[in-house]
Amino acid sequence: MACRSRRSAAKSTSAASRFSPSCRPTCQALGCRLRIAIELAIHAALHRRDEALATRWLAKARGGIVDTSRRHFAEAALAALRGDDAAALVLLQQARKGLKQSMDPGFAHLSRDQIDELHHRLTV
């Protein structure tokens, strides 16, 4: 099971690096460019721990209509990666407040779990 998880993580990392910020036409064709960019910023910050990549993805996610909780969570993940725990905790609080206005109740559950996990890592 552990080997399979490592292989899956390697594939995920490889796929995220191939899906670069210059791949906008594909995202626009899907009609979800901003949401994908935010999720890739979160992935780059939390799992790849690549500040430059997370920053580029977050810049691609500016504007538009996206759940504010996801945007604040992405910003919190990036702040935590930079070592600014105080800012990350403030952003996590804003992300938690934004869950009430989430467009997708199921996705709000995922967001709540991720917010709780990052909050725990920052406060332990």
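# Exercises on a helical chain

Gln101 sits in the loop between α6 and α7, and the exercises below start from this residue before they turn to the rest of the chain. The model is a predicted one.

## A residue in a loop

**Task.** Decide whether Gln101 is buried or exposed, and find how far its C-alpha atom is from that of Thr68.

**Solution.** Begin with the cut-off, by which a residue is exposed when its relative accessible area is over 50%. The relative accessibility of Gln101 is 57%, and therefore Gln101 counts as exposed. Next, turn to Thr68, which is 33 residues away from Gln101 along the chain, and note that the two C-alpha atoms are separated by 8.1 Å.

## An acidic residue and its surroundings

**Task.** Find where Asp67 lies, state which side chain of opposite charge is nearest to Asp67, and name the side chain with which Asp67 makes a polar contact.

**Solution.** First, place the residue: Asp67 belongs to the loop between α4 and α5. Second, look for a partner of opposite charge; the nearest such side chain is that of Arg35, at 5.7 Å, and the buried Asp67 has no salt bridge. The cut-off for a salt bridge is 4 Å between a side-chain nitrogen and a carboxyl oxygen. Third, look for polar partners, and you will find that the side chain of Asp67 makes a polar contact of 3.0 Å with the side chain of Ser102. Finally, when neighbours within four places in sequence are left aside, the contacts of Asp67 are with Gln101, Ser102, Met103 and Asp104, and of these Gln101 is in the loop between α6 and α7.

## The overall plan of the chain

**Task.** Describe how many helices and strands the chain has, and work out what share of its residues is buried.

**Solution.** Counting the elements gives seven helices and zero strands, and reading them along the sequence gives the pattern α-α-α-α-α-α-α. Of the 124 residues in the chain, 35% are buried. As for the surface, the chain exposes about 7400 Å², of which carbon and sulfur atoms supply 55%. A last step is to look at contacts between residues at least 6 apart in sequence, where 61% join residues at least 24 apart.

## The nonpolar core

**Task.** Identify which residues touch the most other members of the largest nonpolar core, and find which helix gives the most to this core.

**Solution.** The general idea is that, in soluble globular proteins, nonpolar side chains tend to be buried together. Here the largest nonpolar core has 32 residues, and those touching the most other members are Phe73, Leu92 and Leu118. At least two residues of this core come from each of α3 (33-48), α4 (51-60), α5 (68-82), α6 (85-98) and α7 (105-123). The helix that gives the most is α3, with nine residues. To see the surroundings of one member, take Leu118 and leave aside its neighbours within four places in sequence; Leu118 is then in contact with Leu46, Phe73, Ala76, Ala77, Ala80 and Leu92. One of these, Leu46, is also among the buried residues of α3, which include Leu34, Ala37, Ile38 and Leu40 as well.

## Just after a helix

**Task.** Find where Arg49 lies, and state what is notable about its phi.

**Solution.** Arg49 comes just after α3, in the loop between α3 and α4. Its phi is near 55°, which is a positive value in a residue other than glycine. With a relative accessible area of 53%, Arg49 is exposed.

## Salt bridges between parts of the chain

**Task.** State how many salt bridges a search of the whole structure finds, and work out which parts of the chain are tied by the pairs of Glu51, Glu75 and Asp116.

**Solution.** Side chains of opposite charge can pair when their charged atoms come close. The search finds five salt bridges, and three of them are taken in turn below.

1. Glu51 and Arg82 meet at 2.8 Å, N to O, and this pair links distant parts of the chain, with Glu51 in helix α4 and Arg82 in helix α5, 31 residues apart. Glu51 is partly exposed at 37% relative accessibility, and Arg82 is partly exposed at 47%.
2. Glu75 pairs with Arg62, their closest N and O atoms being 3.3 Å apart. Because Glu75 lies in helix α5 and Arg62 in the loop between α4 and α5, the pair ties together parts that are 13 residues apart in sequence.
3. Asp116 and Arg96 meet at 2.7 Å, N to O. Asp116 lies in helix α7 and Arg96 in helix α6, so this pair ties together parts that are 20 residues apart in sequence. The relative accessible area is 36% for Asp116, which is partly exposed, and 34% for Arg96, which is also partly exposed.

Methods
Residues are numbered from 1 along each chain as its sequence is written. This is a predicted model: local features need pLDDT of at least 70, side-chain atom pairs count only at pLDDT 80 or more; totals for chains, interfaces and linings use all residues. Side-chain values use heavy atoms; hydrogens and water are left out. A nonpolar core is a set of buried Ala, Val, Leu, Ile, Met, Phe, Trp, Tyr and Cys residues joined through side-chain atoms within 4.5 Å. Buried means under 20% relative accessible area, exposed over 50%, partly exposed in between (1.4 Å probe, protein chains only). Helices (H or I, at least four residues) and strands (E, at least two) are DSSP runs, numbered from the N terminus. Contact means heavy atoms within 4.5 Å. Lys and Arg count as positive and Asp and Glu as negative; His and the chain ends are not counted. A polar contact is a pair of N or O atoms within 3.5 Å; within protein, one must be able to donate a hydrogen and the other to accept it, and residues adjacent in sequence count only if both atoms are side-chain atoms. Accessible areas come from the Shrake-Rupley method with a 1.4 Å probe; for residues, only the protein chains shown count as cover.
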